[in-house]
Amino acid sequence: MKNLTLTALLGGLSLTLALAAGCDGKDDVEDDTATTEADTDTDTDSDTDSDTDADADADADADADADADTDTDVDTGDTGATGGGFSFATDDFGDYDRVDRCGMPAIATAVIASKDAYNAADPVDDANLDFVGEILASLDFLHGALDDDLDILGLTPCTVVGDGSGTCAQQAGPLIIPDTLKINSLNGAGFPNGRVLEDPVIDVTLAVVLLDLSVHAPDLFVGLLNPTANDVSFSADFPYLADPN
């Protein structure tokens, strides 16, 4: 800090000395003459530059007008009901490599250890119980860290058992095995039956994996952990999300 202050002081002193040297009162007549000549040259150069700049601006305006005329003629694409201005891919699903998948929120992120293998897998692999072992291990770790805190708050944790017979696996299993977003058209829309934008999915998911739902409601954490609404309303038109702010 001392070195930095000293450098700043020396720099300021050097600048002051340079300014003082530039204010020398000697040879005033010669300085005035030189200044007059410099001003004359500057005026001449300024006139020349102004003319050149004006010509350049005129050329730029002409180019801009030409570009605007050209852009007006560009085809804007199909805006009909089937296309909507978008070009949809028609490739076969087998032509793609899956790099990520997430049916139920936070499952792949929070309780899956072998993420690459999980992302490359299919829901049929989930149904074959390929990932149940690591899911239970992750749940066991979470409860080992949080159950004491839940008890202090007067909450009843669900239980984790290695063979999947605990209450955590029993209440979460139908939702995450297979890891898909499930929709039953006979039931009302809303998580976990589908998902609407307003759904507090993380709060509900945490309750499912942490609490005994025979004791507590799955919406217990709603309003306690996250805001219950956005600060900006959703749009009534597709894609329904509000503009970013």
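Here are some notes on the bonds, cavities, pockets and surface of this model.

1. One thing to keep in mind throughout: this is a predicted model. Every value below is computed from it.

2. Let's start with the covalent cross-link. The structure has one disulfide, and the partners are Cys 158 and Cys 168, with 2.0 Å from S to S. Cys 158 sits in the loop between α6 and α7, while Cys 168 belongs to helix α7 itself. The two cysteines are ten residues apart, and the pair is counted as linking distant parts of the chain. As for handedness, the torsion about the S-S bond is about 95°, so this disulfide is right-handed.

3. Next, charge pairing. Side chains of opposite charge can pair when their charged atoms come close. The structure holds two salt bridges. One of them is between Arg 98 and Asp 122, where the closest N and O atoms are 2.7 Å apart. This pair also links distant parts of the chain, with the two positions 24 residues apart in numbering. Both ends are in loops: Arg 98 in the one between α2 (28-72) and α3 (107-110), and Asp 122 in the one between α4 (115-120) and α5 (123-127).

4. Now for the enclosed space. Rolling a probe the size of a water molecule over the atoms shows where empty space is left. Two cavities of 30 Å³ or more turn up in this structure. The largest holds about 70 Å³. Its lining is made by Met 104, Pro 105, Ile 107, Ala 172, Leu 175, Ile 176, Phe 191, Thr 205, Val 208 and Val 209. The elements giving two or more residues to this lining are α7 (167-176) and α8. Sorted by class, the lining has nine nonpolar residues, one polar and no charged ones.

5. The second largest cavity has about 30 Å³ of space. Around it are Tyr 118, Asp 126, Phe 131, Val 132, Ile 135, Ile 176 and Ile 177. Here the split is six nonpolar, no polar and one charged. Look at Ile 176 when you have the model open: this residue lines the largest cavity and also the second largest one.

6. What about open space? The largest pocket contains about 340 Å³. It is lined by 17 residues, and those closest to its centre are Glu 198, Asp 199, Pro 200, Pro 227 and Asn 230. By class, the lining comes to nine nonpolar, four polar and four charged residues.

7. The second largest pocket has about 170 Å³. Among its lining residues are Leu 136, Leu 139, Gly 164, Ala 169, Gln 170 and Pro 174. Both α6 (132-152) and α7 supply at least two residues each, and α7 gives the most, with six. The lining divides into nine nonpolar, three polar and no charged residues. Val 132, Ile 135, Ile 176 and Ile 177 line this pocket, and those four residues appear around the second largest cavity too. Ala 172 is in the pocket lining and in that of the largest cavity.

8. Last, the outside. Leu 197, Phe 238, Tyr 240 and Leu 241 make a nonpolar surface patch of about 450 Å². Of these, Leu 241 is placed in the segment after α8 (201-210).

Terms used: Residues are numbered from 1 along each chain as its sequence is written. This is a predicted model: local features need pLDDT of at least 70, side-chain atom pairs count only at pLDDT 80 or more; totals for chains, interfaces and linings use all residues. Side-chain values use heavy atoms; hydrogens and water are left out. Patches are made of residues with over 30% relative accessible area and no salt bridge: like charges are joined within 9 Å, nonpolar side chains (Val, Leu, Ile, Met, Phe, Trp, Tyr) within 5 Å. Accessible areas come from the Shrake-Rupley method with a 1.4 Å probe; for residues, only the protein chains shown count as cover. A salt bridge is a side-chain nitrogen of Lys or Arg within 4 Å of a carboxyl oxygen of Asp or Glu. Helices (H or I, at least four residues) and strands (E, at least two) are DSSP runs, numbered from the N terminus. On a 1 Å grid over the protein atoms alone, a cavity is a set of points where a 1.4 Å probe fits but cannot get out, and a pocket is an open set with protein on both sides within 12 Å along at least five of seven lines; lining residues have an atom within 4 Å of a point. Grid points are joined across faces, edges and corners, and a volume is the space filled by probe spheres set on the points. Ala, Val, Leu, Ile, Met, Phe, Trp, Tyr, Cys and Pro count as nonpolar, Asp, Glu, Lys and Arg as charged, and the others, Gly among them, as polar. A disulfide is a pair of cysteine sulfur atoms within 2.5 Å.
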